Amino acid sequence: MEVLLSLFKYLFVIFLYIFLIDVLRTIKRDLAKQQETKVPVPAHLNVISGAGKLPGISGTLVISGETLIGRSDECHVKIDDPFVSSKHARIYRKGKNFYIEDMGSRNGIYLNGSLIRKPALIEDGDEIMIQDVQLVFHY
């Protein structure tokens with residue numbers, strides 16, 4: 001009788017471990033599905049300084065497709081500054097990456113403190129400076 005009770009105890013513990021392992025697998029699978037279905041945050045620029053030169057814009061600028069930055073009314077991001085070219089820069093997506101390109105401006109674009117004259121890869125947290133307007137790219 002004692003042997004039978006011991007056997008039941010061990011079987012119970014084994015089934016309990018199997019049950020717990022199955023529960024943990026289910027939780028892990030559900031968490032993975034949850035991460036896959038997260039709504040992606042669109043690429044955007046946060047205005048750090050120079051917001052007074054961005055009429056009608058405060059805080060965050062969403063980047064969609066190709067975004068032109070400059071003094072012209074045709075630009076998605078208009079900067080009121082006589083030293084900013086009418087079409088100063090553009091931000092665009094190529095595959096999974098985003099790039100910023102100087103559109104032939106006189107004063108250039110600074111990416112993380114370095115002057116760029118050709119298209120440059122921009123990554124999350126990069127600082128973009130166009131004259132007195134400082135922006136941070138997020139994706």
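User: Which residue is the bridge partner of Ala89 in strand 6?

Analyst: In this predicted model, Ala89 has Asp102 as its bridge partner in strand 6. On its other strand pairing, Ala89 of strand 5 stands opposite Ile69.

User: What makes strand 5 and strand 6 a pair, and in which sense do they run?

Analyst: Two strands are paired when at least two bridges are found between them. Strand 5 and strand 6 are joined by 6 bridges, so the requirement is met. The two strands run antiparallel. They also form a hairpin, with 2 residues between them. Gly95 lies in that turn and has a positive phi of about 70°.

User: How do you know that strand 3 pairs with strand 4 and with strand 5?

Analyst: The cut-off is again at least two bridges. Strand 3 and strand 4 share 2 bridges, so they count as a pair, and they run parallel. One bridge there has Ile69 with Val77 as its partner in strand 4. Strand 3 and strand 5 share 3 bridges, so they count as a pair as well, this time antiparallel.

User: Why is the pairing in the sheet of 5 strands called mixed, and what is the order of the strands?

Analyst: Strands of a sheet may pair either parallel or antiparallel. Here both senses occur: strand 3 runs parallel to strand 4 and antiparallel to strand 5. The order of this open sheet is 4-3-5-6-9. Strand 4 and strand 9 (120-122) each have a single partner strand, so they stand at the edges, with one side of each left without a neighbour in the sheet.

User: Which strands pair with strand 1, and over how many bridges?

Analyst: Strand 1 (residues 44-49) pairs with strand 2 (residues 60-62) over 3 bridges, and with strand 11 (residues 133-138) over 5 bridges. Both pairings are antiparallel. Asn46 stands opposite Thr60 in strand 2, while Ser49 stands opposite Gln134 in strand 11.

User: What makes Glu101 and Arg90 a salt bridge?

Analyst: A salt bridge requires a side-chain nitrogen of Lys or Arg within 4 Å of a carboxyl oxygen of Asp or Glu. The N to O distance between Arg90 and Glu101 is 2.6 Å, so the pair qualifies. It links distant parts of the chain, with Glu101 in strand 6 (residues 97-102) and Arg90 in strand 5, 11 residues apart. Glu66 joins these two residues in a network of salt bridges.

User: Are Glu101 and Arg90 buried or exposed, and how do you know?

Analyst: A residue counts as buried under 20% relative accessible area. Glu101 has 18%, so it is buried. Arg90 has 19% and is therefore buried too.

User: How many salt bridges are there, and how do you know that Lys87 and Glu74 form one of them?

Analyst: The count is 6 salt bridges. Lys87 and Glu74 come to 3.0 Å, N to O, so they fall within the limit of 4 Å. Lys87 is in the loop between strand 4 (77-78) and strand 5 (89-94), and Glu74 is in the loop between strand 3 (67-70) and strand 4, 13 residues apart. The limits for accessibility are under 20% for buried and over 50% for exposed. Lys87, at 33%, is therefore partly exposed, whereas Glu74, at 57%, is exposed.

User: Why does the pair of Lys78 and Asp80 count as a salt bridge?

Analyst: The closest N and O atoms of Lys78 and Asp80 are 3.9 Å apart, so the pair is within 4 Å. Lys78, with 26%, is partly exposed, and Asp80, with 40%, is partly exposed.

User: How many aromatic pairs are there, and why is the pair of Tyr92 and Tyr99 given its name?

Analyst: The whole structure holds 3 aromatic pairs. The ring centres of Tyr92 and Tyr99 are 5.7 Å apart and their planes stand at 20°, so this pair is stacked. The reasoning uses two limits: centres within 6.5 Å, and planes under 30 degrees apart. Ring pairs also link Phe98, Phe137 and Tyr139 into a cluster.

User: What lies over the face of Tyr92, and is Tyr92 buried or exposed?

Analyst: Arg90 lies over that face, at 4.0 Å from the ring centre. Tyr92 has 15% relative accessibility, so it counts as buried.

Terms used:
Residues are numbered from 1 along each chain as its sequence is written. This is a predicted model: local features need pLDDT of at least 70, side-chain atom pairs count only at pLDDT 80 or more; totals for chains, interfaces and linings use all residues. Side-chain values use heavy atoms; hydrogens and water are left out. Rings of Phe, Tyr and Trp (its six-membered ring) pair if their centres lie within 6.5 Å; planes under 30 degrees apart count as stacked, over 60 as edge-to-face and the rest as tilted. Buried means under 20% relative accessible area, exposed over 50%, partly exposed in between (1.4 Å probe, protein chains only). A charge sits over a ring if NZ of Lys or CZ of Arg is within 6 Å of the ring centre and within 35 degrees of the ring normal. Helices (H or I, at least four residues) and strands (E, at least two) are DSSP runs, numbered from the N terminus.
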